Amino acid sequence: FLSKKYMLRAMKKNEFIPFAQAIMDTKNKEIIGCEILLRWKHPTMGLIPPNTFIPAMESSGIIIKVTHQLLENIQKTLQIKAHKLPSNFHLSINISPDHLEDPELVTRSKSFKENCTSITTIFEITERNFNTDTKIAIKGAVALNNLNILFALDDFGTGYATHHYLQKFPVSYIKIDRSFIKMIGLDAISHHIVENVVSLSKSLNLKVIAEGVETEEQAKYLHDNNVDYQQGYLYHRPVPLSDFLDTLGA
Ligand code: G
Ligand code: G
Ligand code: MN
Ligand code: NA
C-alpha cells in the first residue's frame with residue numbers, strides 16, 4: 001500500500017485527511033492555533049499515522065501533490081468554519097524540505113494566503129534529515145516568507161547542522177523535539193540538555209514551541225523556563241480539523 005501508484009489513487013479518492021492538534025499559549029493556557037497532521041483514512045486498514053507513509057511519499061516525490069491537495073482541503077474547511085476562527089489564529093503545516101525547491105509551492109501558497117487572510121500561516125520544516133541546503137530551497141523559503149508565511153524549525157535539537165539552517169533560512173519559531181521534553185524531571189544531565197536547548201532558542205530570539213507535553217511537571221518546567229507555546233497530549237490529542245474548529249466555539 002506504500003507504492004506510488006496506490007498512494008496516488010488514494011489521493012484521488014480523498015483518503016488523506018487533515019487532523020489538527022492544539023498549540024497552547026504557555027502564559028494564559030489559551031489555544032493560539034494548531035498544527036495540521038496528515039492521516040490516511042484507509043478503507044480497510046483504518047487510520048494510518050503519517051510516520052508510516054510520509055517517508056514513502058517523500059522518496060517517491062508524491063508528497064508534493066499530496067501537500068497541494070492538503071492545502072486545498074484546509075482552505076475549504078477554514079472557509080466553511082470561518083466564523084469559528086479566533087482572531088490571530090496560528091495554523092502550522094508540515095512541509096517536506098525538498099518541497100521548498102518546487103516553485104509551485106509559492107503559487108499555491110499565495111492563493112492559500114489570499115483565501116485565508118485572517119490567519120497566520122506557519123510552515124514547519126524538520127531539521128531531521130534536513131539536507132535541503134540548495135540555493136533554490138533558500139530562495140523558495142525567502143519567497144514564501146515574503147508572502148508573510150512564517151517558518152518553524154521542527155524537531156529542533158535532533159539535526160546535525162542546526163545553526164547553519166538557522167542562519168540561512170528565515171526562521172521565526174523553533175519546536176523543541178519531544179525526545180527532549182520527555183527528559184524533563186528525569187535526571188540532572190537530561191535537565192541540562194533541555195535547559196541548553198531552551199537557552200539557545202532564547203538567545204537566537206526565536207519563539208519556542210515545546211511538543212509532546214504529557215505531564216503537569218513538564219508544563220510547569222516549560223512555564224518556569226519561558227517557553228512560549230506548548231503542544232501535547234496533556235492538552236489536546238489530534239482530531240479532524242473540522243471537529244477541532246467546532247470545539248473553538250463562537
Ligand atoms: O502524527 P504523527 O506523530 O504520527 O506524525 C509523524 C510525523 O509526520 C511528524 O513528525 C510530522 O511532522 C509529520 N507529518 C505529519 N503531517 C505531515 C504532512 O502533512 N506533511 C509532511 N511532510 N509531514 C507531516
Ligand atoms: O514530527 P512532528 O513533531 O510534527 O509530529 C508530531 C507528532 O507527535 C504527531 O504525530 C502527534 O500525533 C504526536 N504527538 C502529539 N502530541 C504528543 C504527545 O504529547 N506525546 C507523544 N508521544 N506524541 C505526541
Ligand atoms: Mn511538526
Ligand atoms: Na516535531
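These legends describe close-up views of a predicted model.

**View 1. The whole protein, with its helices and strands.** The protein has 10 helices and 10 strands. Its C-alpha trace spans about 50 × 45 × 35 Å along the principal axes. The radius of gyration is 18 Å, which agrees with the value near 18 Å for a compact globule of 250 residues. Of those 250 residues, 36% count as buried. Many contacts bridge long stretches of sequence: among those between residues at least 6 apart, 68% join residues at least 24 apart.

**View 2. The largest nonpolar core.** This core has 60 residues. Those with the most contacts inside it are Phe123, Phe151, Ile174, Ile176 and Ala210. Take Ile174 as a starting point. Setting aside residues up to four places away in sequence, Ile174 touches Ala152, Leu153, Phe156, Ser201, Leu206 and Val208.

**View 3. Tyr173 in strand E7.** Strand E7 covers residues 171–176, and Tyr173 lies in it. Tyr173 has 22 other C-beta atoms within 10 Å, so it is buried; the cut-off for a buried residue is 20 or more. Ala152 sits 21 residues away in sequence, yet the two C-alpha atoms are 4.4 Å apart in space. Beyond its neighbours within four places in sequence, Tyr173 is in contact with Ile122, Leu150, Ala152, Leu206, Lys207 and Ile209.

**View 4. The two sides of helix H9.** Helix H9 runs through residues 216–224, and its buried residues are Gln218, Ala219, Tyr221 and Leu222. They cover an arc of only 165° around the axis, so they lie on the same side of H9. The other side carries the exposed residues Glu216, Glu217, Lys220 and Asp224. What do the buried residues of H9 pack against? Their partners are helix H7 (178–181), strand E8 (207–210) and strand E9 (229–230).

**View 5. Asn226, just after H9.** Asn226 belongs to the loop between H9 and E9. Its phi is near 60°, a positive value in a residue other than glycine. Asn226 has 13 other C-beta atoms within 10 Å, so it is partly exposed. Exposed residues have 12 or fewer such neighbours.

**View 6. Asn148, in the loop between H5 and E6.** Helix H5 (135–146) comes before this loop and strand E6 (150–156) after it. Phi of Asn148 is near 80°. That is a positive value, and the residue is not glycine. Is Asn148 buried or exposed? Asn148 counts as exposed, because it has 10 C-beta neighbours inside 10 Å.

**View 7. The surroundings of ligand 1.** Around ligand 1 are Leu37, Leu38, Pro49, Pro50, Asn51, Ile54, Ile63, Thr67, Leu70, Asn94, Ser96 and Asp154. Three elements give two or more residues to this shell: strand E2 (31–42), helix H2 (50–60) and helix H3 (63–80). By class, the shell has 7 nonpolar, 4 polar and 1 charged residues.

**View 8. The surroundings of ligand 2.** How many residues surround ligand 2? There are 14, and the closest are Gly212, Glu214, Gly232, Tyr233 and Pro238. The shell around ligand 2 is made up of 5 nonpolar, 4 polar and 5 charged residues.

Note on methods:
Residues are numbered from 1 along each chain as its sequence is written. Chains are lettered from A and ligands numbered from 1 in the order in which they are written. This is a predicted model: local features need pLDDT of at least 70, side-chain atom pairs count only at pLDDT 80 or more; totals for chains, interfaces and linings use all residues. A residue is near a molecule or strand if its C-beta atom, placed from the backbone, lies within 6 Å of it. Ala, Val, Leu, Ile, Met, Phe, Trp, Tyr, Cys and Pro count as nonpolar, Asp, Glu, Lys and Arg as charged, and the others, Gly among them, as polar. Helices (H or I, at least four residues) and strands (E, at least two) are DSSP runs, numbered from the N terminus. The radius of gyration is taken over C-alpha atoms; the globule rule is 2.2 Å times the number of residues to the power 0.38. Two residues are in contact if their C-beta atoms, placed from the backbone, lie within 7 Å. The arc is that of the directions from the helix axis to the C-beta atoms. A nonpolar core is a set of buried Ala, Val, Leu, Ile, Met, Phe, Trp, Tyr and Cys residues joined through C-beta atoms within 7 Å.
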